[in-house]
Amino acid sequence: MTGGPNLLTSKPRDLQTSGPRTRYFPPMPLLDLLRRRRSVKRFTERPVTRAEIETLLEAAVLTPNHRLTEPWRFYVLGPEAREAYGLAVGIRKARKIEDPDASRAMRDRVAAEHRALPSMIAIAIVKSDNPEIAEEDYAAAMMSVQNIALAAVELGLGTAIRTGAVMGDEAARAAAGVAENERIVAIVNVGEPAEVPTGPKKRAAGELTKWVE
Ligand SMILES: Cc1cc2nc3c(=O)[nH]c(=O)nc-3n(C[C@H](O)[C@H](O)[C@H](O)COP(=O)(O)O)c2cc1C
């Protein structure tokens with residue numbers, strides 16, 4: 001089955017063909033934006049404005065959600081909260097290091113790195129006792145994460161999604177300020193990209209698709 005453009009091989013109009021880019025050039029059609037989005041590891045020091053974050057969250061709540069549960073809750077972390085969250089991440093990393101000095105240095109470095117992030121959003125969902133609703137709500141919240149990531153590209157901003165067991169850590173939960181009946185499902189770091197990586201090579205959809213009669 002052919003017809004539409006192959007997103008992985010066709011190039012957006014003004015996309016550089018090789019090497020890391022240093023920023024996005026919005027606005028752009030959705031398919032270009034999908035191709036452009038990359039996990040951004042390094043941000044510039046340019047702060048992200050409240051208006052920009054609000055735009056990202058407006059995009060987030062446009063996400064489809066079954067039964068209109070609107071399961072998502074967003075926590076925008078300031079420097080103190082980022083540092084506290086980073087400390088929870090750092091403590092977990094530090095535990096794996098035997099040398100006490102190196103272990104402390106790791107803990108402090110990770111906490112400081114989180115504080116220095118231009119912005120950080122914790123996405124949580126309200127827990128449900130119904131497993132079917134819990135799964136739907138998780139899926140919807142992760143789709144809202146993608147909306148945030150795509151809207152960020154349109155604003156010229158980059159994102160990095162972070163997950164992991166730390167999200168259930170009491171210290172991390174307290175840092176983000178989530179309610180008792182909520183669970184964090186993702187962290188999205190947002191900032192102006194210092195560099196947009198070219199990203200990992202991904203398999204073409206055709207390799208992963210069966211057309212079933
Ligand atoms: C649900 C989810 C969780 C992720 N968690 C992490 C994470 O904890 N740490 C990390 O470095 N990257 C994380 N990522 C980013 C992926 O590693 C990244 O999307 C992947 O390498 C593909 O790169 P790209 O985003 O540039 O296409 C996560 C992505 C998703 C969708």
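Helices are taken here as DSSP runs of at least four residues, numbered from the N terminus, and by that reckoning Ile148 lies in helix H5. This residue is a convenient place from which to explore the fold, which comes from a predicted model. In overall terms, the chain contains 6 helices and 4 strands. Followed along the sequence, these elements appear in the pattern α-α-β-α-α-β-α-β-α-β. The chain has 213 residues, of which 31% are buried. Contacts that reach far along the sequence are well represented: of those between residues at least 6 apart, 80% join residues at least 24 apart.

Ile148 itself illustrates this kind of long-range packing. A residue is called buried when 20 or more other C-beta atoms lie within 10 Å of its own; Ile148 has 26 such neighbours inside 10 Å, and therefore counts as buried. Setting aside residues up to four places away in sequence, Ile148 touches Leu56, Ala59, Ala60, Ile121, Thr159 and Val188. Leu57 offers a further example of distant sequence positions brought together, since the C-alpha atoms of Ile148 and Leu57 are 6.7 Å apart in space, while 91 residues separate the two in sequence.

The surroundings of Ile148 lead naturally to the nonpolar interior. The largest nonpolar core comprises 43 residues, and Ile148 is listed with Ala122, Ile123, Ala152 and Val188 as having the most contacts inside it. Two or more residues of this core come from each of helix H2 (50-60), strand E1 (72-77), helix H3 (79-94), helix H4 (100-116), strand E2 (119-126), helix H5 (131-154), helix H6 (170-176) and strand E4 (182-191). The greatest contribution is that of H5, which supplies 8 residues.

Turning to the strands, 4 of them form an open sheet with antiparallel pairing, in the order E1-E2-E4-E3. E1 and strand E3 (158-162) each have a single partner strand and stand at the edges, so one side of each lacks a neighbour in the sheet. On average, neighbouring strands are turned by 25° against each other, with direction ignored.

The pairings can be followed across the sheet in order. E1 and E2 are joined in the antiparallel sense by 6 bridges, and among the paired residues is Trp72, whose bridge partner in E2 is Ile125. E2 in turn pairs with E4 over 8 bridges, again in the antiparallel sense. Ala122, already met in the core, stands opposite Ile187 in E4. The last pairing is that of E3 with E4, which run antiparallel and are joined by 5 bridges; here Ile161 has Val188 of E4 as its bridge partner. Val188 thus links several parts of this description, being a core residue with many contacts listed beside Ile148, a contact of Ile148 and the bridge partner of Ile161. E4 is largely enclosed by the rest of the structure, because 8 of its 10 residues are buried.

Helices pack against this sheet as well. H2 touches E1, E2 and E4, and its direction makes about 165° with that of E1. H5 lies across E1, E2, E3 and E4, and runs at about 10° to E4.

A ligand is also present in the model, and Ile161 belongs to its surroundings. The other residues around the ligand are Arg38, Ser39, Met142, Arg162, Thr163, Gly164, Gly199 and Pro200. Sorted by class, this shell holds 3 nonpolar, 4 polar and 2 charged residues.

Finally, the loop between H2 and E1 deserves a look for its backbone geometry. Most residues other than glycine have a negative phi. Arg67, which lies in this loop, has a positive phi of about 65° although it is not a glycine. Leu68 lies in the loop between H2 and E1 too, and its phi is likewise positive, at about 50°, although Leu68 is not a glycine. Both residues fall on the exposed side of the burial scale, for which the limit is 12 or fewer C-beta neighbours within 10 Å. Arg67 is exposed, with 11 other C-beta atoms within 10 Å, and Leu68 counts as exposed with 8 C-beta neighbours inside 10 Å.

Technical notes
Residues are numbered from 1 along each chain as its sequence is written. This is a predicted model: local features need pLDDT of at least 70, side-chain atom pairs count only at pLDDT 80 or more; totals for chains, interfaces and linings use all residues. Two residues are in contact if their C-beta atoms, placed from the backbone, lie within 7 Å. A nonpolar core is a set of buried Ala, Val, Leu, Ile, Met, Phe, Trp, Tyr and Cys residues joined through C-beta atoms within 7 Å. Two strands pair if DSSP finds at least two bridges between them. Axes are lines fitted to C-alpha atoms, for helices over the stretch in contact, and angles run from 0 to 180 degrees between N-to-C directions. A residue is near a molecule or strand if its C-beta atom, placed from the backbone, lies within 6 Å of it. Ala, Val, Leu, Ile, Met, Phe, Trp, Tyr, Cys and Pro count as nonpolar, Asp, Glu, Lys and Arg as charged, and the others, Gly among them, as polar.
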